[in-house]
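User: I would like to learn how to read a model of this kind, feature by feature. Please start with a single residue and work outwards.

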Amino acid sequence: MPTSSAKSSSNVNSRFKKKIEVKCWCEDLCPVFVSRTPENPGKKFWGCPNYKGEGGCGFFRWVDDEGVQKQDMMPESNRIIEQRQMMTLMQMVVVLLGAILFMLVLVVYKI
């Protein structure tokens, strides 16, 4: 009987394992796909859900046999997202500085 108890206990534990959520660089949750290539038949991977559309980011990471990431991707994807947000902010600052410079030129030359 200890075997069946241990067996049912492990089944319960496997059902309640924490689900890993992986986000791509588009900030969308990545589904788990199954490879159908001859090199990696049946191997699971996370991929950008927009890979078929025009705005996909190309995100791709393998899932290991236990359903756990082989490498910690969240910090990498978060860092890339933060870098993109910083670039957008910097572009806005450049546009605003250009507008201010233009206004100063108008004032100085009284145009």
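Analyst: Start with Lys44, which lies in strand S2. Residues are numbered from 1 along each chain as its sequence is written. This is a predicted model, so local features need pLDDT of at least 70 and side-chain atom pairs count only at pLDDT 80 or more, while totals for chains, interfaces and linings use all residues; side-chain values use heavy atoms, with hydrogens and water left out.

User: What counts as a strand or a helix here?

Analyst: Both are DSSP runs numbered from the N terminus: helices are H or I over at least four residues, strands E over at least two. The protein chain has 2 helices and 3 strands, and along the sequence they follow the pattern α-β-β-β-α.

User: How do I read exposure, and is Lys44 buried or exposed?

Analyst: Buried means under 20% relative accessible area, exposed means over 50%, and partly exposed is in between (1.4 Å probe, protein chains only). Lys44 has a relative accessible area of 46%, so this residue is partly exposed. For the protein chain of 111 residues, buried residues make up 15%.

User: Which residues does Lys44 touch, leaving out those up to four places away in sequence?

Analyst: A contact means heavy atoms within 4.5 Å. By that rule Lys44 touches Val32, Phe33, Val34, Trp62 and Val63. A separate reading is the C-alpha to C-alpha distance: Lys44 and Asp64 are 7.5 Å apart in space and 20 residues apart in sequence. Over the protein chain, take the contacts between residues at least 6 apart in sequence: 36% of them join residues at least 24 apart.

User: How are the strands arranged into a sheet?

Analyst: Two strands pair if DSSP finds at least two bridges between them. Here an open sheet of 3 strands has the order S1-S2-S3, with antiparallel pairing. The edge strands, each pairing on one side only, are S1 (32–34) and S3 (60–62). Neighbouring strands of the sheet are turned by 35° against each other on average, direction ignored. For that angle, axes are lines fitted to C-alpha atoms (for helices, over the stretch in contact), and angles run from 0 to 180 degrees between N-to-C directions.

User: How many bridges join S2 to S3, and which residues are partners?

Analyst: Strand S2 (residues 44–47) is joined to S3 by 3 bridges. Trp46 has Arg61 as its bridge partner in S3, and Phe45 has Trp62. On the other side, S1 and S2 pair over 3 bridges in the antiparallel sense, with Phe33 opposite Phe45 in S2.

User: Several of those residues are aromatic. How do I read ring pairs?

Analyst: Rings of Phe, Tyr and Trp (its six-membered ring) pair if their centres lie within 6.5 Å; planes under 30 degrees apart count as stacked, over 60 as edge-to-face and the rest as tilted. The whole structure has 5 aromatic pairs. One of them is Trp25 with Phe59, edge-to-face at 5.1 Å centre to centre and 85° between the planes. Trp25 lies in the loop between helix H1 (2–15) and S1, and Phe59 in the loop between S2 and S3, so the pair ties together parts that are 34 residues apart in sequence. Both Trp25 and Phe59 are buried. Phe60 and Trp62 also form an edge-to-face pair, 4.9 Å centre to centre with 80° between the planes.

User: Which residues do ring pairs link into a cluster?

Analyst: Phe33, Phe45, Phe60 and Trp62. Phe60 is partly exposed at 33%, and Trp62 is partly exposed at 25%.

User: Where does Lys43 lie relative to Trp62?

Analyst: A charge sits over a ring if NZ of Lys or CZ of Arg is within 6 Å of the ring centre and within 35 degrees of the ring normal. Lys43 lies over the face of Trp62, 4.3 Å from the ring centre.

User: What about the loops?

Analyst: Ser35 lies in the loop between S1 and S2 and counts as buried, at 7% relative accessibility. Leaving aside neighbours within four places in sequence, Ser35 is in contact with Asn40, Pro41, Gly42, Lys43, Phe45 and Trp62.

User: And backbone angles?

Analyst: Most residues other than glycine have a negative phi. Glu27, in the loop between H1 and S1, has a positive phi near 75°. Glu27 is partly exposed, with a relative accessible area of 42%.
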